[in-house]
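Grab your viewer and let's work through a few exercises on helix packing. Each task comes with a stepwise solution.

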Amino acid sequence: MTIDSALIPGTLRWAVRLLWAEAVAVGLIAVWLVWADLTAATTDLASALLVTAFAVGAAVALWALGRALLRRRAGARAPAIVLQLMLLPIGWFMIQGGMGWLGIPLMALGLGVGWLLVSPPTTKALGFE
């Protein structure tokens, strides 16, 4: 199946690109977590594996949702929006912890991709109108 990119609005294409960029970033964090799990002197193994599995799962989910949205699967929009909204409390707690330089951009990213996903051109392309 080929996808005619002319039928995909810019808002949806950018949302997919940003979801994939998030997937790559979380994937790199997952790789670092695997390395940290293997090289730690002492660790709570169950907790370490759970956090690592969560990061791997999030990366896979972001990538898969991006692919589904690129194929104009309307059912992928809601889970993608939920993942973007999860960036708001994460960013807030980073700001509270003194990492505003990272928390503010994460919150802006979540709001921006969320907006791209609910914008009228994306809504129309996914068949909600």
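**Exercise 1.** How are H2 and H3 set to each other, oblique or not?

Ground rules: the model is predicted, with local features needing pLDDT of at least 70, side-chain atom pairs counting only at pLDDT 80 or more, and totals for chains, interfaces and linings using all residues. Residues are numbered from 1 along each chain as its sequence is written, and side-chain values use heavy atoms, with hydrogens and water left out.

Step 1: the H2 and H3 axes (lines fitted to C-alpha atoms over the stretch in contact) come within 9 Å and cross at roughly 140 degrees.
Step 2: angles under 35 degrees are roughly parallel, over 145 roughly antiparallel, 65 to 115 roughly perpendicular and the rest oblique, so H2 and H3 are oblique to each other.
Step 3: on the H2 side, Ala 61, Leu 62, Leu 65 and Leu 69 make the contact (heavy atoms within 4.5 Å), and Arg 77, Pro 79, Ala 80, Leu 83 and Gln 84 do so from H3.
Step 4: by class, that contact has seven nonpolar residues, one polar and one charged.

**Exercise 2.** Work out how H3 is set against H5.

Step 1: their axes come within 8 Å, crossing at roughly 160 degrees.
Step 2: H3 is therefore roughly antiparallel to H5.
Step 3: H3 brings Arg 77, Ala 80, Ile 81 and Gln 84 to the contact, while H5 brings Leu 109, Gly 110, Val 113, Gly 114, Leu 117 and Val 118.
Step 4: sorted by class, you get six nonpolar, three polar and one charged.

Technical notes: Axes are lines fitted to C-alpha atoms, for helices over the stretch in contact, and angles run from 0 to 180 degrees between N-to-C directions. Helices (H or I, at least four residues) and strands (E, at least two) are DSSP runs, numbered from the N terminus. Ala, Val, Leu, Ile, Met, Phe, Trp, Tyr, Cys and Pro count as nonpolar, Asp, Glu, Lys and Arg as charged, and the others, Gly among them, as polar.
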